[in-house]
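Hi everyone, thanks for making time this morning. I'd like to walk you through a structure that may be new to most of you, so please have the picture open while I talk.

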Amino acid sequence: MKKYTCIVVDDESLARQLLAVHLAKIPNLELVASCADAVEARFVLQQHQPDILFLDIQMPDLTGFELLKMLTKRPATILTTAFSEYALEGFELDVLDYLLKPIEFERFFKAVSKAVDWIDRGQTLVAQTLVPPTLAPVEANQKADYFFVKSDYKIVKVIFADILYIEALQKYVRIHTPTERIVTLISMSQLDKMLETDQFYRIHRSFIINLEKIEHIEGHQVRIGKANLPVSKGQWEAFLEKIRKKGLGW
């Protein structure tokens, strides 16, 4: 049986003990070190180079994120924290999963399985935020009606016609479709260029909408699905003109 070495880094002794108990239940995982802070972990990681790193974020002297940024070669990293607001920053550092304390075994096992699968597939920690549509099989001189983005450590196909709207999240965007919300590391300006068709319009610095999905317009807002999205004052007249020219309105 192939073994996967693990290191736990957490300043709470009870948290380290719980992770050790969880790890002991999985026969192909081996806990090689348990560190009480990130400073100690920095040296331990140089010695052991584990397959999987369980890493707390808020620790004295050096945070988990600061430790990750120091590593030139990162293990498959699973964050363990009591604070959910760090999820997006972890995504930027290619963290594989995010476990909220107290960590139940079922959720822990799911995260470990993802890490083992990631290791076995020989993934690298090079961020691939966008795969151009030209990589997809498209007939000559035919424009692709979809693109690919990296989300949750998968390459996800996004079909233009499925997009309801796109929402800006600082360095990320959230692509809303009828069935899912896809978060990916890409700028709104990049997407704006990719979506240069009559089908989409940027109504606000934080929103790009699919014009064909509008249910109604009222009070400088558009209704799409369950969301009421604002149209900026500077875009209002141009937005209405866009609808008229597209033949969707009066």
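I'll begin with the overall picture, then go through some salt bridges, the cysteines, one helix and a few backbone details.

Before anything else, please keep in mind that this is a predicted model. The protein chain has 250 residues, and 44% of them count as buried. Its secondary structure comes to seven helices and 16 strands. How do contacts spread along the sequence? If we take contacts between residues at least 6 apart in sequence, 51% of them join residues at least 24 apart. As for the outside, the accessible surface comes to about 13,800 Å², and carbon and sulfur atoms account for 51% of that.

Now to the charged side chains. How many salt bridges does the count come to? The count comes to ten, and I'll pick out a few of them.

Let's start with Lys 101. One of its partners is Glu 12, with the closest N and O atoms 3.8 Å apart. Where do these two sit? Lys 101 is in the loop between strand E5 (97–100) and helix H5 (105–120), while Glu 12 is in the loop between strand E1 (4–9) and helix H1 (13–24), so this salt bridge ties together parts that are 89 residues apart in sequence. Glu 12 itself counts as partly exposed, at 42% relative accessibility.

Lys 101 also forms a salt bridge with Asp 56, and here the closest N and O atoms are 3.6 Å apart. Again, distant parts of the chain are linked: Asp 56 belongs to the loop between strand E3 (52–55) and helix H3 (64–70), 45 residues away from Lys 101 in the loop between E5 and H5. Is Asp 56 buried or exposed? Asp 56 is buried, because its relative accessible area is 3%, and the cut-off for buried is under 20%.

Next comes a pair with a shorter span in sequence. Arg 107 forms a salt bridge with Asp 97, the closest N and O atoms being 2.7 Å apart. Arg 107 lies in helix H5 and Asp 97 in strand E5, so a helix and a strand are tied together by residues that are ten apart in sequence. Arg 107 is partly exposed at 32% relative accessibility, whereas Asp 97 is buried, with a relative accessible area of 9%. Stepping back to the earlier bridges, shared partners join Asp 10, Glu 12, Asp 56 and Lys 101 into one network.

Let me stay with Asp 97 for a moment. The link to Arg 107 also appears as a polar contact between the two side chains, at 2.7 Å. What else is Asp 97 in contact with? Leaving aside neighbours within four places in sequence, the contacts of Asp 97 are Thr 77, Ile 78, Leu 79, Arg 107, Ala 111 and Lys 114.

Now, the cysteines. How many disulfides does a search of the whole structure find? The search finds zero. Cys 6 counts as buried, at 0% relative accessibility, and Cys 35 is buried too, with a relative accessible area of 0%.

Please turn to helix H7, residues 236–245. Which of its residues are buried? They are Trp 236, Phe 239, Leu 240 and Ile 243. These four cover an arc of only 95 degrees around the axis, which means that they lie on the same side of H7. On the other side of H7 we find Glu 237 and Lys 245, both exposed. What do the buried residues of H7 pack against? Their neighbours are strand E12 (200–204), strand E13 (207–210), strand E14 (216–218) and strand E15 (221–224).

Last, some backbone details. We come back to Lys 101, since a cis peptide bond joins Lys 101 and Pro 102, with omega about -5 degrees. Pro 102 lies in the loop between E5 and H5.

There are also positive phi values in residues other than glycine. Asp 61 has a phi near 70 degrees; this residue lies in the loop between E3 and H3 and is exposed, with a relative accessible area of 77%. His 220 has a positive phi of about 60 degrees. His 220 lies in the loop between E14 and E15, and counts as partly exposed at 33% relative accessibility.

That's my tour. Thanks for listening, and I'm happy to take questions.

How values were computed:
Residues are numbered from 1 along each chain as its sequence is written. This is a predicted model: local features need pLDDT of at least 70, side-chain atom pairs count only at pLDDT 80 or more; totals for chains, interfaces and linings use all residues. Side-chain values use heavy atoms; hydrogens and water are left out. A salt bridge is a side-chain nitrogen of Lys or Arg within 4 Å of a carboxyl oxygen of Asp or Glu. Helices (H or I, at least four residues) and strands (E, at least two) are DSSP runs, numbered from the N terminus. Buried means under 20% relative accessible area, exposed over 50%, partly exposed in between (1.4 Å probe, protein chains only). A disulfide is a pair of cysteine sulfur atoms within 2.5 Å. Contact means heavy atoms within 4.5 Å. Accessible areas come from the Shrake-Rupley method with a 1.4 Å probe; for residues, only the protein chains shown count as cover. The arc is that of the directions from the helix axis to the C-beta atoms. A polar contact is a pair of N or O atoms within 3.5 Å; within protein, one must be able to donate a hydrogen and the other to accept it, and residues adjacent in sequence count only if both atoms are side-chain atoms.
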